[in-house]
Amino acid sequence: MTQQKRFKNLTQNLKDKASVIAAVLSPKRHASSVRVHVLRATTHALTAPPSEETIAAVLTVGQGSNRNPRACIDALMDRLHNTRSATVALKCLFTLHNVVVKGPFTLKDQLSCYPSYGGHNFLNLSNFRDESDVESVELSSWVRWYAGVLEQSLTVSRVLGYYLNASRESQESKKIILSNASDADLLYKVEALVGFVEQISHVPDSLHLQRNELVYEVVRLVGEDYRSVQVEILLRVEELGERMDDLDVGELNELVGYLGRLEETQDKLVLLFVNRKRNNGFWDLVQKTKVKGMAKKREIEGKWLTVVVNTGAAELARSSNPFLDPGQLSPVPRIDFATVR
């Protein structure tokens with residue numbers, strides 16, 4: 001480790017301790033405890049992600065009435081938006097992700113409502129960049145990517161009506177519910193789910209950073225969301241596949257388009273999750289349903305062409321034959337000129 005790196009680590013360690021002391025001495029006793037736990041979960045130390053105990057402490061302090069959950073989310077957001085450190089930002093996002101996955105409903109609800117304060121792209125990290133060293137620059141791209149994943153996760157949760165990892169319905173129960181859903185509703189939710197997978201696939205090219213323990217844990221947690229999304233997509237694609245004969249061309253176009261977009265993410269996702277989340281059965285279903293949808297679309301369009309050609313021929317015969325009565329589509333018997341003498 002270079003002397004410059006040691007000095008940076010020492011400075012950041014002292015800064016973390018000073019922030020904790022300031023939070024402890026704050027006259028706002030209610031917010032003080034919350035902020036202390038948030039600071040301990042989001043230190044500058046890059047060696048490891050927040051421990052399970054540290055995350056559990058944040059989730060616990062965020063329980064209770066609306067006052068505690070809001071103070072907890074506000075503390076995390078303040079820490080996220082005021083830091084210039086890619087490590088701190090990544091830890092804030094990791095802690096927020098744990099809120100979504102394991103937090104009490106009141107805490108999740110505060111996080112879900114938070115976009116109303118800032119609108120679209122509420123984490124506001126699309127331009128985040130820590131230029132303190134080469135590794136921090138690379139890590140900044142992971143911060144931007146992870147923020148997009150979390151935003152898309154909350155969007156999908158609002159579309160589905162439940163959090164990805166919090167649904168208590170079994171797959172069989174979900175199938176029954178989906179069997180009563182409209183085609184439009186199924187397609188609308190497939191589009192949102194595919195958008196989430198696309199966001200995950202936009203992972204930075206610096207995949208070697210997965211050797212970093214913090215990045216590794218981030219990818220592991222995102223991988224759990226990805227697995228849940230695959231299940232949600234699979235159930236809806238199966239249901240739409242069974243309804244294929246009843247879908248119109250517009251709906252078939254939508255379905256085939258979404259499945260095509262999904263297939264384009266496969267290679268990048270295999271690299272990201274190092275084949276741990278390949279799930280060949282899922283991709284086989286996507287490919288087969290897309291092919292079936294394309295064939296059904298061609299079949300319908302072929303019937304349209306036949307109708308148009310036949311109608312056009314009948315209309316031509318009617319308009320050019322003076323012996324046809326008004327509205328009569330069949331031509332009069334043809335005269336074989338070879339027999340005329």
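## Salt bridges in an all-helical predicted model

A salt bridge joins the side chains of K175 and E172, at 3.8 Å from N to O. The model is predicted. Both K175 and E172 belong to helix α9, which covers residues 171-179, and they sit three residues apart, about one turn of the helix. K175 is partly exposed, with 34% relative accessibility. E172 has a relative accessible area of 53% and counts as exposed, because the cut-off for that class is over 50%.

The fold around this pair consists of 14 helices, with zero strands. Of the 341 residues in the protein, 45% are buried. Among contacts with a separation of 6 or more, 76% are between residues 24 or more positions apart. The accessible surface comes to about 18500 Å², and carbon and sulfur atoms account for 53% of that surface.

The structure holds 16 salt bridges, including the three in the table.

| Pair | N to O distance | Lys relative accessibility | Acid relative accessibility |
|---|---|---|---|
| K175 and E172 | 3.8 Å | K175: 34% | E172: 53% |
| K268 and D205 | 3.6 Å | K268: 25% | D205: 70% |
| K296 and D245 | 3.4 Å | K296: 14% | D245: 59% |

Which parts of the chain does the salt bridge between K268 and D205 link? The side chains of K268 and D205 meet at 3.6 Å, N to O. This pair links distant parts of the chain: K268 is in helix α13 (residues 266-272), while D205 is in the loop between α10 (183-201) and α11 (213-242), and the two are 63 residues apart. K268 is partly exposed at 25% relative accessibility, whereas D205 is exposed at 70%.

The side chains of K296 and D245 form a salt bridge at 3.4 Å, N to O. K296 is in helix α14 (residues 280-320) and D245 is in the loop between α11 and α12 (249-263), so this salt bridge ties together parts that are 51 residues apart in sequence. Is K296 buried or exposed? K296 is buried, because its relative accessibility is 14% and the limit for burial is under 20%. Its partner D245 is exposed, with a relative accessible area of 59%. K174, E232 and R236 are joined into one network by salt bridges that share partners.

Key:
Residues numbered from 1 in each chain as written. Predicted model: local features only at pLDDT ≥ 70, side-chain atom pairs only at ≥ 80, totals over all residues. Heavy atoms only, no water. Helix = DSSP H or I, 4+ residues; strand = E, 2+ residues; numbered from the N terminus. Buried < 20%, exposed > 50% of the residue type's maximum accessible area, 1.4 Å probe, protein only. Contact = heavy atoms within 4.5 Å. Areas by Shrake-Rupley, 256 points an atom, 1.4 Å probe, with all protein chains shown as cover. Salt bridge = Lys/Arg side-chain N within 4 Å of Asp/Glu carboxyl O.
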